[in-house]
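Me: I would like to go through this model feature by feature. Please give the general idea each time, then the case at hand.

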Amino acid sequence: PQSEILRQWVAFREGKPDSTILADISTDHWVPRHPDTSGVLKPDVTMFGEGLPTGALSASWKAVLGSPVCLVVGTGLNVIPASLVPGLVKWRYGTLIIMNLD
């Protein structure tokens with residue numbers, strides 16, 4: 001459940017893991033696994049606190065500047081530099097569509 005994941009995360013962040021928390025990712029049952037390879041599954045997104053992949057920002061600016069429309073889905077546009085990208089469309093007088101349930 002979500003409360004257990006949060007408990008483990010807080011304990012690790014505070015550097016106070018208790019005996020019920022598994023410190024090794026290879027044995028952690030909360031880590032999602034690929035059913036065939038048992039490899040760790042991670043969504044193809046940049047999580048909060050992670051750095052952008054090399055070249056991602058410049059590639060996104062190039063794509064935005066070459067497109068008449070920008071569709072933004074599932075973000076509050078609060079984190080810079082990604083939050084700057086949709087503004088480039090408006091700067092070019094393009095169409096900006098934002099779909100967010102927040």
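Me: In which sense do β1 and strand β2 pair, and over how many bridges?

Reply: Strand pairing is read from the bridges. In this predicted model, β1 and β2 (residues 95-99) pair in the parallel sense, over five bridges. Within the pair, L71 stands opposite I97 of β2.

Me: Through which helix does the chain cross from β1 to β2, and what is the hand of the crossover?

Reply: The hand is judged along the path from one strand over the helix to the other. Here the chain leaves β1, passes through helix α3 (residues 85-91) and reaches β2. This β-α-β crossover is right-handed.

Me: Which side chains of strand β1 point to one face, and which to the other?

Reply: Read the strand residue by residue. In β1, residues 69-73, the side chains alternate. C70 and V72 point to one face and are buried. V69, L71 and V73 point to the other face and are not buried.

Me: How do the elements run from the N terminus on?

Reply: List the elements in chain order. The protein has three helices and two strands, and their order is α-α-β-α-β.

Me: Where is S83 found, and why does S83 count as buried or exposed?

Reply: Take the position, then the accessibility. S83 is found in the loop between β1 and α3. Its relative accessibility is 18%, so S83 counts as buried, the limit for buried being under 20%. Apart from neighbours within four places in sequence, S83 is in contact with L77 and N78.

Me: Where is H34, and why does H34 count as partly exposed?

Reply: The steps are those used for S83. H34 lies in the loop between α1 (2-13) and α2 (56-65). H34 counts as partly exposed because its relative accessibility is 29%, and that class lies between 20% and 50%. With neighbours within four places in sequence left aside, H34 is in contact with G39 and L41.

Me: Which residues form a nonpolar patch on the surface?

Reply: A patch is read as a group of residues with a joint area. This one consists of W61, L65, I80, L84 and W91, which together have about 560 Å² of accessible area. Of these, W61 is found in helix α2 and, with a relative accessible area of 34%, is partly exposed.

Me: What share of the residues is buried, and what area does the protein expose?

Reply: These are totals for the protein. Buried residues make up 14% of the 102 residues. The exposed area is about 8,100 Å², with carbon and sulfur atoms supplying 63% of it. As for contacts between residues at least 6 apart in sequence, 45% join residues at least 24 apart.

Conventions. Residues are numbered from 1 along each chain as its sequence is written. This is a predicted model: local features need pLDDT of at least 70, side-chain atom pairs count only at pLDDT 80 or more; totals for chains, interfaces and linings use all residues. Side-chain values use heavy atoms; hydrogens and water are left out. Buried means under 20% relative accessible area, exposed over 50%, partly exposed in between (1.4 Å probe, protein chains only). Helices (H or I, at least four residues) and strands (E, at least two) are DSSP runs, numbered from the N terminus. Two strands pair if DSSP finds at least two bridges between them. A crossover is right-handed if, with the strands pointing away from the viewer, the path from the first strand over the helix to the second runs clockwise. Contact means heavy atoms within 4.5 Å. Patches are made of residues with over 30% relative accessible area and no salt bridge: like charges are joined within 9 Å, nonpolar side chains (Val, Leu, Ile, Met, Phe, Trp, Tyr) within 5 Å. Accessible areas come from the Shrake-Rupley method with a 1.4 Å probe; for residues, only the protein chains shown count as cover. A salt bridge is a side-chain nitrogen of Lys or Arg within 4 Å of a carboxyl oxygen of Asp or Glu.
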